[in-house]
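Thank you all for coming. I would like to walk you slowly through one structure today, so please have a look at it before I begin.

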Amino acid sequence: MIEIKTSAVSDGEHNRGVFATRDIKKGELIHEAPVLPYPNNEHQHIEKTALADYAFEYGKNHSALLLGYGMLFNHSYQPNAVYDINFDNHTFDFFAYKDIKAGEEVLINYNGEAENDDPLWFNK
């Protein structure tokens, strides 16, 4: 359903992104990314590494690194996918926010909500 390819959206060192290998219908589960949580007071150590740009908030007292393809979804203020935190399964579940065509990059809003147009932390 998804694969990693070079992304024109990313300007990072690796320029990777998540792409649909087939048409994906709105509401369809795209990916369940397992979570590697850690207490917020340990985030100071993560901040010293490249992983800092890939950490997600995980509840009130924790942050998390996402496994699988979870950390490779790129940002858009017009996303075609959203994610929900599934604390029971310890996953971030990515769903199609709208229909996604085969070959299209799957994009999320890093602010956590599809309609949130607040500046991103790395652009402040």
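**The annotated span and the overall fold**

Let me begin with residues 1-111, whose end C-alpha atoms lie 25 Å apart, and which are 4% helix and 40% strand, where helices (H or I, at least four residues) and strands (E, at least two) are DSSP runs numbered from the N terminus. UniProt, in an unreviewed entry, places the feature "domain: SET" at residues 1-111; its positions are given in the numbering used here, feature names are shortened, and annotations may be inferred rather than shown by experiment.

Before going further, I should say that this is a predicted model, in which local features need pLDDT of at least 70 and side-chain atom pairs count only at pLDDT 80 or more, while totals for chains, interfaces and linings use all residues. Residues are numbered from 1 along each chain as its sequence is written, and side-chain values use heavy atoms, with hydrogens and water left out.

The protein has one helix and nine strands, and along the sequence they follow the pattern β-β-β-α-β-β-β-β-β-β. The radius of gyration is 14 Å, close to the 14 Å that the globule rule gives for 124 residues, so the protein is as compact as a globular protein of that length; this radius is taken over C-alpha atoms, and the rule is 2.2 Å times the number of residues to the power 0.38. Of the 124 residues, 38% count as buried, and here buried means under 20% relative accessible area, exposed over 50%, and partly exposed in between, with a 1.4 Å probe and protein chains only. If we take contacts (heavy atoms within 4.5 Å) with a separation of 6 or more, residues 24 or more positions apart account for 63% of them.

**Glu105 and Val18**

Which side chain of opposite charge is nearest to Glu105? That is Lys5, 9.2 Å away, and Glu105 is buried yet has no salt bridge; in this count Lys and Arg are positive and Asp and Glu negative, with His and the chain ends not counted. Glu105 sits in the loop between strand E8 (91-96) and strand E9 (107-108), and its side chain makes a polar contact of 2.8 Å with that of Ser7, a term for a pair of N or O atoms within 3.5 Å, where within protein one must be able to donate a hydrogen and the other to accept it, and residues adjacent in sequence count only if both atoms are side-chain atoms.

Beyond four places in sequence, Glu105 also touches other residues, including Val18, Phe19 and Asn80. Val18 belongs to strand E2 (residues 16-20) and counts as buried because its relative accessibility is 0%. Among the contacts of Val18 outside its sequence neighbourhood of four places are Ile4, Tyr69, Leu72 and Phe73.

**A salt bridge and two loop residues**

A salt bridge is a side-chain nitrogen of Lys or Arg within 4 Å of a carboxyl oxygen of Asp or Glu, and by this rule there is one: the side chains of Arg22 and Glu28 meet at 2.6 Å, N to O. Arg22 is partly exposed at 36% relative accessibility, and Glu28 is partly exposed at 23%.

Finally, most residues other than glycine have a negative phi. Asn15, in the loop between strand E1 (2-6) and E2, has a positive phi near 50 degrees, and His90, in the loop between strand E7 (81-86) and E8, has a positive phi near 55 degrees.
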